[in-house]
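Hi,

Here is the structure I promised to pass on. Could you have a look at it when you get a moment, and then read my notes underneath?

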Amino acid sequence: MTAPTDAEQRPNVARMYDYYLGGCHNFAADRAAAEQILRIFPDTGIAAQANRHFLRRAVRHAAELGVRQFLDIGAGLPTQGGVHEIVRQVAPDSAVVYVDYDEVAVAHARRLLPVDRRITVVRGDLRRPDELLARPEVRAVLDFDRPVAVLLVAVLHFVTDAEQPWDAVARLREATVPGSPLVVSHLTLDGAPPLPVQQGQAVYRRSSAPLLPRPHAEVLRFLDGYDLVEPGLVRVADWRPDGEPQERVSHGYAGMGLRR
Ligand SMILES: C[S@@+](CC[C@H](N)C(=O)[O-])C[C@H]1O[C@@H](n2cnc3c(N)ncnc32)[C@H](O)[C@@H]1O
């Protein structure tokens, strides 16, 4: 990558996650913060992989249910096995809109994604769903009169309670027709020892976004208005494992619902 700008001197959550996944779209400040996290939670890289595996299983399941449109919010940096690659193995004509509020993630995605009128990348903010839903680039690719799967994978834990993430998710639900899936994964502290958690949160407080793990009941509220797909909201690695080898490390909950 080219030399970082001033804004890029600050550890950035998208690029720290890229580092955990073994990617190369990160700067020294991102790597230093990610290394601090890895010293506190050595299995963070494995947990990040487990989250990507969940994304793959959930997207494939939605495609197998017949869903052909995907809105991936907080999509992050382009990593191997992007949503369009997964879904197009089932249905080559599927449409995918990638959204992230991070300028660098969006720039890389634009550069690396194929030129295709049914795939687009939008810089947008989950905390401003109406603005995002009104964007012509989104409307040009997604038809909201047909089911649209909304993916909120490892992103809601960067939105504080004061920023009303439950309201934002409800707005997205209202914009979609019945049968539309919502896919969620979310970091939790349930079962985690308190001291390392506090140390980890201190690292993220110095980054581009604070980290807000939530208990099961609060994550489940994001799926209000949806019928949960079996097995419900469970540990990431336990959501419909498909026999592919995976370590059973999960730092969060994962689930899928279908809009009533
Ligand atoms: C941990 S990464 C997850 C990437 C991908 N969804 C996955 O699970 O592999 C979180 C991403 O969410 C983005 N993000 C955080 N808050 C956001 C917001 N309010 N609106 C849009 N994107 C956001 C970050 O920039 C980052 O790229």
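Below is what I found, going from the overall fold to single residues.

Keep in mind that this is a predicted model.

**Overall**

The protein has ten helices and eight strands. Its radius of gyration is 17 Å, close to the 18 Å that the globule rule gives for 260 residues, so the protein is as compact as a globular protein of that length. Along the principal axes, the C-alpha atoms fill a box of roughly 45 × 40 × 40 Å. Of the 260 residues, 45% are buried. If you take the contacts with a separation of 6 or more, 73% of them come from residues 24 or more positions apart.

**The core**

As a reminder, nonpolar side chains tend to be buried together in soluble globular proteins. The largest nonpolar core here has 68 residues, and Leu 151 and Leu 152 touch the most other members. Helix H3 (residues 44-64) is the element that gives the most to this core, with eight residues. Leaving out residues up to four places away in sequence, Leu 152 touches Ile 73, Gly 74, Val 169, Val 183 and Val 184.

**Two helices with a buried side**

One of those partners, Val 169, brings us to helix H8 (residues 165-175), where Pro 165, Ala 168, Val 169, Leu 172 and Arg 173 are buried. These five cover an arc of only 145 degrees around the axis, which puts them on the same side of H8. Asp 167 and Glu 174 are exposed and sit on the face of H8 turned away from the buried side. And what covers the buried residues of H8? The cover includes helix H6 (129-134) and three strands: E4 (149-153), E5 (181-187) and E8 (252-259).

Helix H4 (residues 83-90) is worth viewing end-on too. Its buried residues include Val 83, His 84, Ile 86 and Val 87. Seen down the axis of H4, the buried residues fall within an arc of 160 degrees, so they line one face of the helix. They pack against H3 and against strands E1 (69-73), E2 (95-100), E3 (119-123) and E4. So E4 turns up in both places: it packs against the buried residues of H4 and is part of the cover over those of H8.

**The ligand**

There are 23 residues around the ligand, the closest being Ala 14, Gly 74, Gly 76, Asp 102 and Leu 126. Helix H1 (13-20) and H3 are the elements that give two or more residues to this shell. By class, the shell has 15 nonpolar, three polar and five charged residues. Gly 74 has a part in two stories, as it is among the closest residues to the ligand and also touches Leu 152.

**Two buried residues to click on**

Met 16 is in helix H1. It counts as buried because it has 27 C-beta neighbours inside 10 Å. Apart from neighbours within four places in sequence, Met 16 is in contact with Pro 11, Asp 30, Ala 33, Ala 34 and Ser 207. Ala 29 is 13 residues from Met 16 along the chain, and their C-alpha atoms are separated by 9.0 Å.

Val 67 is in the loop between H3 and E1, and is buried, with 22 other C-beta atoms within 10 Å. Beyond four places in sequence, Val 67 contacts Ala 62, Pro 147, Ala 149 and Pro 181. From C-alpha to C-alpha, Val 67 and Asp 43 are 33 Å apart, with their positions 24 residues apart in sequence.

**Backbone oddities**

Most residues other than glycine have a negative phi, and most peptide bonds are trans. Which peptide bond is cis? The one from Glu 230 to Pro 231, with omega near 5 degrees. Pro 231 lies in the loop between strands E6 (226-228) and E7 (234-235).

Ala 154 is not a glycine but has a positive phi of about 55 degrees. It is in the loop between E4 and H8, and is buried, with 25 other C-beta atoms within 10 Å. Gln 164, also not a glycine, has a positive phi near 55 degrees. Gln 164 lies in the loop between E4 and H8, but counts as partly exposed because it has 13 C-beta neighbours inside 10 Å.

Cheers

Notes: Residues numbered from 1 in each chain as written. Predicted model: local features only at pLDDT ≥ 70, side-chain atom pairs only at ≥ 80, totals over all residues. Core = buried A, V, L, I, M, F, W, Y, C linked by C-beta atoms within 7 Å. Buried ≥ 20, exposed ≤ 12 C-beta atoms within 10 Å, placed from the backbone. Helix = DSSP H or I, 4+ residues; strand = E, 2+ residues; numbered from the N terminus. Contact = placed C-beta atoms within 7 Å. Arc of directions from axis to C-beta. Near = placed C-beta within 6 Å. Nonpolar A, V, L, I, M, F, W, Y, C, P; charged D, E, K, R; others polar. Rg over C-alpha atoms; globule rule 2.2 N^0.38 Å.
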